[in-house]
Amino acid sequence: MRVAGPVAVGGVRIGAGEPLAVIGGPCAAESPQLCLEAGAALRDACKAAGVGYVFKASFDKANRTSGSSGRGPGMDEGLAAIARAKEELGVPAITDIHLPGQAAAAAAVCDALQIPAFLCRQTDLLAAAAATGLPVLVKKGQFLAPWDMSEVAAKLEAAGAAGVLLCERGTMFGYRNLVVDMRALAIMRETGWPVVFDATHSTQLPGAAEGASGGEREMAPVLARAAAAVGIDALFLEAHPRPAEAVSDAAVQLPLPQAAAAIASVARIA
């Protein structure tokens, strides 16, 4: 088995022998101002906790419960907001892509690309992300066993990804509910790649909020601490200064003060 990482996302190294990293920001890049506000708060929290920080936001939220759900600003405006946050905050950035044709444009701005959980087995999408020469963070599908992520990693390796980050974000447990099996973190680590825990999406209640996903954000810090105790290389979370006003994932994004507190507690455990 190869040693897990480290994988370099800009100036942040993630993996064996490196400090914990945090990957986070607002779910959607709703505006440049929002990206800067949320990103600055998380950057400062990470600095205080002594951990690395990678800014994350999405230019498009293509996986929506309802066709009328907000999707964000779109590629051009969203990538511009992410680029501004990256430059002004002085941190690396990551964003998710949904189509192979989005990979090159996102790679021109970001330091790593993210594959959404529902798309984790889409071979053409994985290959396009890997072909950019950037590291690729791929979320384990809610329907997928952790052992099966070795095949996802193998696709990315074969396509030339600069590194792979495997992310746990909960598993479907009946209808409209997710559970986190902490064994998945140890199992995915057996691939030799760094593991990431997505604390906020793991608290989703898919489709449970009248045409949108509900959630239990208060459980995100609880799950994050448990994951840190098991052993993770990075913590993924989404945070918003006013979660109730968020375009997407309003029920699970953490208010900025709560996100900062979660980062501090997880860093102590890690």
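## Around Gln253

Which residues does Gln253 touch, not counting residues up to four places away in sequence? In this predicted model, the list is Gly25, Pro26, Cys27, Arg217, Glu238, Ala239, His240, Pro243, Ala246 and Ser248. Gln253 itself sits in the loop between β14 (234–240) and β15 (254–255).

Although it is a loop residue, Gln253 has a relative accessible area of 1%. The cut-off for buried is under 20%, so Gln253 counts as buried. Two of its neighbours are reached through polar atoms of the backbone. The Gln253 side chain comes to 3.0 Å from the backbone nitrogen of Cys27, and it also lies 2.9 Å from the backbone oxygen of Ser248.

## Strand β5 and its partners

Let's turn to strand β5, which covers residues 93–96. Ala93 and Thr95 point one way from the strand, Ile94 and Asp96 point the other way, and all of them are buried. That fits a familiar pattern: in a regular strand the side chains alternate between the two faces of the sheet.

β5 pairs with strand β4 (residues 52–56) through two bridges, and these strands run parallel. It also pairs with strand β6 (residues 112–115), again in the parallel sense, over three bridges. Ile94 is a handy residue to follow here: it is the bridge partner of Lys56, and its own partner in β6 is Ala112.

## Helix α2

Helix α2 takes in residues 75–89, 15 residues in total. From its first C-alpha to its last it reaches 21 Å, close to the 21 Å expected at 1.5 Å a residue. Its buried residues are Gly78, Leu79, Ala81, Ile82, Ala85 and Leu89. They lie on the same side of α2 because they cover an arc of only 155° around the axis. An α-helix has 3.6 residues a turn, so residues three or four places apart point the same way.

Asp76 and Glu87, on the other side of α2, are exposed. The cover over the buried residues of α2 includes α1 (32–49), β4, β5 and α3 (103–107). Just after the helix comes Gly90, with a positive phi of about 70°.

## Helix α5

In helix α5 (residues 149–158), the buried residues are Met149, Val152, Ala153 and Leu156. These residues line one face of α5, because they fall within an arc of 95° when seen down the axis. On the other side of α5, Glu151 and Ala158 are exposed.

Among the elements covering the buried residues of α5 are α4 (123–131), β7 (136–139), β8 (164–168) and α6 (183–189). Gly160, just after α5, takes a positive phi of about 95°.

## The nonpolar core

In soluble globular proteins, nonpolar side chains tend to be buried together. The largest nonpolar core in this model has 82 residues. Those with the most contacts inside it are Ile23, Phe55, Ile82, Ile97, Val138 and Leu235. The largest share of this core comes from α1, with six residues.

Some of these names tie back to elements already described: Ile82 is one of the buried residues of α2, and Phe55 falls in β4, residues 52–56. Leu235, leaving aside its neighbours within four places in sequence, is in contact with Leu20, Ala21, Val22, Ile23, Val196, Phe197, Ala199, Ala224 and Val266.

Methods
Residues are numbered from 1 along each chain as its sequence is written. This is a predicted model: local features need pLDDT of at least 70, side-chain atom pairs count only at pLDDT 80 or more; totals for chains, interfaces and linings use all residues. Side-chain values use heavy atoms; hydrogens and water are left out. Buried means under 20% relative accessible area, exposed over 50%, partly exposed in between (1.4 Å probe, protein chains only). Helices (H or I, at least four residues) and strands (E, at least two) are DSSP runs, numbered from the N terminus. Two strands pair if DSSP finds at least two bridges between them. The expected span of a helix is 1.5 Å times one less than its number of residues. The arc is that of the directions from the helix axis to the C-beta atoms. Contact means heavy atoms within 4.5 Å. A polar contact is a pair of N or O atoms within 3.5 Å; within protein, one must be able to donate a hydrogen and the other to accept it, and residues adjacent in sequence count only if both atoms are side-chain atoms. A nonpolar core is a set of buried Ala, Val, Leu, Ile, Met, Phe, Trp, Tyr and Cys residues joined through side-chain atoms within 4.5 Å.
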